[in-house]
Amino acid sequence: MKCTKLICAALAFTSLSAFAGQEDDALAALALQRANYTLEQAIEKVSTDYAKHIVEFEIDDHDNQATYDIEAINLETKEKHDIELSLADGAVLKHKTKNSLSRLDDDDLLALQELQASKFNLGATIAQLQLKYSADVFEFELKNKKGITFYKFKLMGEQGLTRVIVDVTTGKVIPVMKH
Amino acid sequence: MVSVTEWWHSVKTAHSVWRLTRLYTGLLLSVVAILLVVLYQLSIGQMNRQQQLQMANIIAQQTSLAEQLSHEQFIEQFELQAQSSRQYILSYQIEQKNFGRLSAPPTALSQCPTLSRFPIWLDQFDEIRLVSGCSQPLASGTLIIAVDDESLYELKGQFISASAIALLLAVLLGVITGLVFSMRVLKRINNFNQVALRVESGQLSARVAVSEQNDEYDHMALHINTMLNQLQHSFETISGITDAIAHDLRTPLSHLRQQIESEMLSKQQLNHPSEQLQSMLDKLDEILFTFSAMLELTRLQQQKESNSQHFKAINLQQVIVDAVDLIEPLAEEKQQIVTIGGAEQFSIQGDATLLFRAIYNLLENASKYAGNNAQINVQLTPRGFTVSDNGPGICDLEKEKVFQRLYRIEKSRQVAGFGLGLTLVKAIIQLHNGKIELLDNKPGLIVNVEFIKPNKIKMDESIDPNIADA
């Protein structure tokens with residue numbers, strides 16, 4: 001029942017939208033609904049096996065198979081991991097490692113340092129957000145702007161697309177100003 | 001590094017320059033600071049005050065509406081106002097529900113009118129903004145009012161940076177201009193001081209240089225020069241009269257002495273008593289000695305003036321040894337001990353005979369006034385020498401007066417003397433670019449003599465043969 005509502009909302013959102021990006025968001029949400037391997041599991045696996053700090057996540061496809069595309073960074077070893085995990089069973093379909101963080105700008109590095117210094121729990125935050133907004137996180141990224149380090153989450157639920165910004169230092173939600 | 005230290009030391013010791021510079025810099029800094037504060041209050045301060053006033057009006061309006069309207073009506077009007085307000089971000093929270101512009105209540109928000117800064121996310125522009133806001137509890141919920149004052153904050157930051165730079169420049173400008181002006185003023189005042197010092201040391205012809213600027217310093221210089229001219233003229237007149245009297249009386253007094261001497265011889269040949277004539281002769285000798293000393297003093301001072309003396313390098317230690325040798329028989333009569341101390345070996349440009357006379361005179365004074373069994377010590381110092389004794393000494397009030405012509409301390413009047421000894425010593429020391437001062441030895445007296453430019457003697461340096469003559 002929930003799935004049907006979500007598909008309707010997603011399709012309605014997609015039909016009203018003239019942008020391809022918004023279609024992708026809806027399709028990503030659909031793919032998540034069908035996933036056997038959860039986002040929390042994927043985050044846990046990447047954090048444990050590759051690098052602790054996850055800076056970006058989105059739903060992608062690999063050989064027509066939906067994947068969790070996760071970018072993680074290990075500050076100690078200065079490694080950047082790009083991992084694609086199957087939504088179906090969590091299998092690693094692609095893994096690229098870069099042994100340099102030279103492409104990161106000052107804001108990105110500052111964001112990573114603040115994330116490292118904080119007690120922010122990404123898995124727990126995602127679980128809370130999904131529960132609070134009754135929606136699935138299908139995309140997030142770590143950013144630093146104006147000295148504030150935050151995760152920008154995109155959630156798709158019955159109410160459509162929701163953006164939630166969470167301050168890494170305080171763990172609190174930053175209010176979003178409505179149009 | 002050494003020159004910088006020297007410069008700093010000279011600047012630090014030039015108190016008046018430093019004081020003037022500090023005062024000038026302080027005034028300049030105060031003026032700049034006042035201007036900046038006024039400018040801030042008229043621009044950013046005014047904008048802040050206006051913003052706070054408008055926020056207070058909105059809060060008062062919403063408080064009043066919350067009391068007058070039903071809950072639904074209030075929410076309806078609030079949503080309308082929140083949507084229409086472009087400058088202020090309005091949000092109303094009832095338990096977990098949010099109305100107005102914000103999706104969630106900001107954390108750690110202070111109560112109005114105190115504002116606190118918090119971030120908000122602008123979906124429309126995909127950016128984060130820092131706004132200032134506060135919360136106000138109303139009847140059924142909490143009103144949140146905020147204003148996007150990031151530009152004002154940036155302006156404040158820029159103003160503070162600009163103010164800091166302006167104040168720093170004011171300090172630099174103040175210090176540089178203050179130092180330049182103060183040093184220029186002080187340089188001219190120092191000219192006056194230099195001339196005063198030269199006059200004080202006996203160079204009565206010294207005059208203050210007058211510039212072409214014709215300012216108040218030049219006027220002062222002219223007045224001081226006129227005053228010095230009159231002073232020099234008066235001094236020369238008095239000195240001339242005294243010397244003329246001494247000179248003119250010396251010849252008849254010498255004739256008188258010869259007559260008394262021949263009269264004495266006649267009486268002695270006739271076996272008549274001649275004690276009275278001998279007493280007269282002694283007194284006449286004293287008068288002649290005084291006149292000779294006065295004339296010599298004048299000659300020494302004139303030599304200082306004209307600087308016509310041709311000095312030679314003199315080994316001061318040798319002169320002291322010779323003077324001590326000569327005083328020792330006199331000291332032995334009074335069971336006094338005379339010692340020489342100090343290993344300083346230096347020479348000065350001077351006249352060995354005059355220096356010998358000065359040192360001998362000091363030793364003679366010490367022997368004369370220190371009393372029996374006294375200890376007299378001559379000590380060579382890095383810049384001159386000291387003659388000390390453990391006698392009664394001289395009280396502070398009279399330490400300067402004893403250098404005046406014919407001045408005698410009351411308690412020493414029973415001892416033979418004319419009050420010209422120390423005056424002559426001082427004239428000789430000054431002739432050698434030195435200075436003399438009297439200090440307490442507790443008990444006793446220390447006569448400290450320092451020369452401006454003594455030269456260290458190398459071990460193989462020969463001693464002026466004049467010393468032997470002395």
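Here is a short chat about one helix of chain A and one sheet of chain B in a predicted model.

Student: Which residues of α5(A) are buried?
Tutor: Let's place the helix before picking them out. α5 covers residues 122-133 of chain A and spans 16 Å from first C-alpha to last, close to the 16 Å expected. Counting as buried any residue with 20 or more other C-beta atoms within 10 Å of its own, you get L122(A), I126(A) and L129(A).

Student: Why do those buried residues line one face of the helix?
Tutor: Look down the axis of α5(A). On the other side, A124(A) and L131(A) are exposed. The buried residues line one face because, in that view, they fall within an arc of 65 degrees.

Student: Over in chain B, which strands are the edge strands of the open sheet?
Tutor: Start from the strand order, which is β7-β9-β10-β12-β11 with mixed pairing. An edge strand here pairs on one side only, and that picks out β7 (337-341) and β11 (434-440) of chain B.

Student: What is the bridge partner of I436(B) in β12(B)?
Tutor: β11(B) and β12(B) run antiparallel, joined by 7 bridges. β12 covers residues 445-451 of chain B. Within that strand, the partner of I436(B) is V449(B).

Student: And which helix lies across β11 and β12 of chain B?
Tutor: Don't mix it up with α7(B), which packs on the sheet by touching β7, β9 and β10 of chain B. The one you want covers residues 421-431 and runs at about 135 degrees to β11(B). That's α9 of chain B.

Methods
Residues numbered from 1 in each chain as written. Chains lettered and ligands numbered in written order. Predicted model: local features only at pLDDT ≥ 70, side-chain atom pairs only at ≥ 80, totals over all residues. Helix = DSSP H or I, 4+ residues; strand = E, 2+ residues; numbered from the N terminus. Expected span 1.5 Å × (residues − 1). Buried ≥ 20, exposed ≤ 12 C-beta atoms within 10 Å, placed from the backbone. Arc of directions from axis to C-beta. Pairing = 2+ DSSP bridges. Contact = placed C-beta atoms within 7 Å. Axes fitted to C-alpha atoms, helices over the stretch in contact; angles between N-to-C directions.
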